[in-house]
Amino acid sequence: MTSSLRRYAPFALLLAAQTVLVIVAPSHGTTSGNGPLGGQFNGALSSGQTPGSTVPGSTTTGGSSSGSSSTGVGPTGTGTPGSTGTTGSTGSTGSTGSTGPTATGPTSGSTSNAGKRGVQPPASGNTTGKSFCVTGLLEHPPCVAQWAGGSNGGATWQGVTGNTIKVLFYRAKENAAVDAILRETGTYISPAEEKQQFLLVTDWINKHYQLYGRKIVPIYYQGSCDIAPPKDPCFRSDVDAFYAKYHPFAAIYDSDSNEPAFFDELSRKGVVNWGGWAFADSFNANLRPYHYDLFMGGDTQAAISGTWYCKRLAGHKAIRAGSAALRSKTRKVVVIYPDTPETTPPAVHLENIIKQCAGSNAVIDGKYSSDTSTAAQQATTNTAKYKAAGATTALWFSDPIAPAYGTKAAAAQNWFPENVIAGSGLLDYDALAQTYDSSEWAHAFGPSDLGQTSPIMQVDAGRIWKAEGKSGQPNPSSNLVTTYELSMSEGIVAAGPKLTPLTYEYGLLTAPGYDQWSKWHDPRLVYLAWGKNDYTGISDIREVYFDTNKKSAINGRKGTYIALSGGQRYDLNTIPSGEPRLPSSV
C-alpha cells in the first residue's frame with residue numbers, strides 16, 4: 001500500500017464507519033450453490049485440491065503480501081500451538097519472513113459429504129442423518145449435518161480446546177476528530193456499545209449454532225493504533241501484542257479498508273481473520289486459508305460491473321448526462337480509481353472488459369493518488385483532463401471520498417457527465433452520497449452491492465438484542481459487528497468438529513450460497529456465497545439511481561438510492577441487456 005493512501009485513509013475510514021452493513025435476509029432454508037460468477041467458483045474443490053498439505057507462507061513489504069518465505073514458528077498440523085512450522089512455498093517477489101503455520105485438512109472419507117452440505121462431518125461419520133438449521137435470523141447460514149456427538153479432536157489449533165474457541169474483535173484507538181463527525185451524523189458507536197453487542201451476539205451464537213461441543217470465548221480488544229493516519233508498523237505491533245496474550249483462533253476488524261498489513265500479520269501467525277473491504281482477489285488468495293471478508297472482492301466486482309456496463313451502456317448515447325452537449329455523444333467513459341497495489345489491478349481489469357466491448361478509444365484511465373493534502377488540486381486537474389478528452393461518463397470504481405472532491409470540481413468546471421457507480425466502495429450508501437455535489441449526483445446510477453436498508457430492530461442486530469432479553473434497542477450502527485461475527489461463525493459450523501484453518505476454509509468455500517433474491521424476491525436480500533478462489537461474501541448486485549429530493553430511510557435527509565425492478569438482483573450471468581429504464585430526471 002502506498003504512503004499516500006495511508007494519509008488519505010482517515011477520512012475514507014470515518015465515512016465508511018457510518019455504514020450499517022445491510023446484508024440481511026429472511027430464513028428460507030438452503031439454496032443451491034451458485035457462486036458470484038454464476039457457479040464458476042462454487043462447489044467442491046477440484047480433484048487434487050483437498051486440504052491437508054502445508055499452507056504457503058506469506059510475507060510483507062510495505063503492506064503488500066508476497067510468497068517468499070522461510071522457516072518460522074507457529075502451530076503445527078497436529079494442533080499443538082507453539083512448535084516449529086514448516087517452510088512455505090516460494091514467491092517471485094518480496095522479502096523473506098516467517099511463514100504461516102501448517103494445517104491438517106479433513107480426514108479421509110469426509111470430503112464427499114462436505115461438498116454436498118458445506119460442512120466437515122466427524123471422521124467416524126457420527127451424524128444423526130438429520131439437518132441442523134439456524135432460525136430466528138434474517139441472514140442465516142445453510143443447514144448442515146446434525147452432529148451426534150463424540151470426539152471433536154480437542155485442541156486442534158491455537159485458540160481451540162475441546163470446549164472453547166477464542167475469537168477476538170479488534171477496534172482501533174479512538175480519534176476525537178473522527179468521533180465528533182460520527183456523532184454529528186448519528187452513526188457513532190462507542191467501544192462500550194460495540195463490546196456489548198459483540199458479547200451479546202457471541203452468547204446468541206453459543207446457544208443456537210452447532211459448534212461441536214465448543215463455545216466461543218469472546219475477546220474485545222481496543223488497540224493503540226490511530227486510524228488518522230493508520231501506520232503499518234503500529235497495526236503489526238497491535239497484532240503481536242494481542243496474539244502473544246490470547247493466541248485466538250480468529251480475529252475480526254470490521255471497519256478496516258486501508259490496513260492490509262493487519263491481516264497479513266494475523267495470517268502469518270495462523271489466525272483466521274475477517275475484514276479488509278474490496279481488496280484484490282489475489283490478496284485473499286495469497287493469504288489463504290486465513291483471510292476472508294463480507295464485501296465483494298475487487299476482481300469479482302470488476303467482472304460484474306464491467307459486464308453490466310457492456311450490456312447496459314456501451315455504444316449508446318450518454319442520455320443520462322447533465323448537459324445536452326454530452327447527451328448527444330456516444331459514451332466515452334473515464335474509470336476513476338485509487339492507484340494502489342490493492343485497487344489498481346481490479347481497475348485495469350474493469351477497463352479491459354469495457355475496451356473489449358466498446359473499443360480502446362472509448363475508455364480513459366482515471367487513476368488518482370489518495371492523498372487529502374492534494375485531493376482538491378488533483379480533482380481540479382483531473383476533471384479538466386477528462387473534460388478535454390471528451391469523456392461523457394464517469395465510472396466511479398473508487399473509495400467514497402473521491403466523488404466528494406470530484407463532483408465539486410466537475411460542477412465548478414461546468415462539466416455534467418453521467419456518474420456511474422461500480423457497486424463497490426460504499427458509494428451506494430445514502431449517507432455518503434449525500435455529501436457529493438447534488439447537481440452532479442442527480443445523474444448518478446449503476447450497480448449496487450448493498451440491499452434495501454431496514455430499521456435496526458428488523459435486522460439481526462435488533463433481533464438478537466430482543467432475543468437476549470434486552471430492553472430498548474441497540475446502537476443503530478451495531479449490525480456491522482453483528483453480521484461479521486455471524487458470518488465468521490458460519491465458517492466454524494462449516495468446518496465440522498476438527499477445527500483448523502484448512503477445515504474452516506474447505507467448509508466455508510464448499511458451503512451452499514444462501515439468501516438469493518431470485519428465489520425469494522425480497523429487496524433486503526443479498527446473495528452470500530464463498531467458493532473456490534472466492535474468499536468474499538456478497539456475490540450479486542442490484543441497479544439503483546440517486547434521487548436528490550427524496551428523503552433517506554437511513555437518516556431522514558434528502559438524497560437516497562432508489563432500486564430498479566423492486567430491488568431485483570443479478571449475478572454475472574443474469575445481468576439484463578439494453579439501456580436501463582430510469583426516470584427522465586436522472
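The following legends describe an overview and several close-up views of a predicted model.

**Figure 1. Overview of the protein chain.** Local features are described where pLDDT is at least 70 and side-chain atom pairs count only at pLDDT 80 or more, while totals for chains, interfaces and linings use all residues of this predicted model. Residues are numbered from 1 along each chain as its sequence is written, and side-chain values use heavy atoms, with hydrogens and water left out. The protein chain contains 18 helices and 17 strands, where helices (H or I, at least four residues) and strands (E, at least two) are DSSP runs numbered from the N terminus. Of its 586 residues, 60% count as buried; buried denotes under 20% relative accessible area, exposed over 50%, and partly exposed in between (1.4 Å probe, protein chains only). Among contacts (heavy atoms within 4.5 Å) with a separation of 6 or more, 73% join residues 24 or more positions apart. The protein chain exposes about 19,900 Å², of which carbon and sulfur atoms supply 51%; accessible areas come from the Shrake-Rupley method with a 1.4 Å probe, and for residues only the protein chains shown count as cover.

**Figure 2. Packing of helix α8 against helix α10.** The axes of α8 (residues 298-312) and α10 (residues 344-358) come within 8 Å and cross at roughly 25°. This angle makes α8 roughly parallel to α10. Axes are lines fitted to C-alpha atoms, for helices over the stretch in contact, with angles from 0 to 180 degrees between N-to-C directions; angles under 35 degrees count as roughly parallel, over 145 as roughly antiparallel, 65 to 115 as roughly perpendicular and the rest as oblique. The crossing of α8 and α10 is right-handed, that is, the near helix is turned clockwise from the far one by less than a right angle, whereas an anticlockwise turn would be left-handed. On the α8 side, the contacting residues are Gly-298, Asp-299, Ala-302, Ala-303, Ser-305, Gly-306, Thr-307, Tyr-309 and Cys-310. They meet Pro-345, Pro-346, His-349, Leu-350, Ile-353, Ile-354 and Cys-357 of α10. By class, the contact of α8 with α10 comprises 10 nonpolar, 5 polar and 1 charged residues; Ala, Val, Leu, Ile, Met, Phe, Trp, Tyr, Cys and Pro count as nonpolar, Asp, Glu, Lys and Arg as charged, and the others, Gly among them, as polar.

**Figure 3. Packing of helix α11 against helix α12.** Helices α11 (residues 375-388) and α12 (residues 402-412) pack at an angle of about 50°, with their axes 8 Å apart. The two helices are therefore oblique to each other, and α11 passes α12 in a right-handed crossing. Ala-375, Ala-376, Ala-379, Thr-380 and Thr-383 of α11 make the contact with Tyr-405, Gly-406, Ala-409 and Ala-410 of α12. The contact of α11 with α12 has 6 nonpolar, 3 polar and no charged residues.

**Figure 4. The buried helix α6.** In α6 (residues 260-268), 9 of the 9 residues are buried, so the helix is largely enclosed by the rest of the structure. These buried residues are Pro-260, Ala-261, Phe-262, Phe-263, Asp-264, Glu-265, Leu-266, Ser-267 and Arg-268. After α6 comes Gly-270, with a positive phi near 80°.

**Figure 5. Surroundings of Arg-463 and Lys-550.** Arg-463 belongs to helix α15 (residues 460-467) and is partly exposed at 34% relative accessibility. Beyond its neighbours within four places in sequence, Arg-463 contacts Gly-136, Leu-137, Leu-138, Met-457 and Gln-458. Lys-550, in strand β15 (residues 541-551), is partly exposed at 46% relative accessibility. Not counting residues up to four places away in sequence, Lys-550 touches Arg-557, Lys-558, Gly-559, Thr-560 and Ile-562. The C-alpha atoms of Lys-550 and Thr-560 are separated by 6.2 Å, with the two residues 10 apart along the chain.

**Figure 6. Backbone features in three loops.** The peptide bond from Arg-288 to Pro-289 is cis, with omega near 5°, and Pro-289 is found in the loop between α7 (281-286) and β9 (291-292). His-247, in the loop between α5 (232-246) and β7 (250-252), has a positive phi near 45° although it is a residue other than glycine. His-247 is partly exposed, with a relative accessible area of 30%. Asn-414 is located in the loop between α12 and β13 (418-421); Asn-414 is not a glycine, yet its phi is positive at about 55°. With a relative accessible area of 56%, Asn-414 is exposed.
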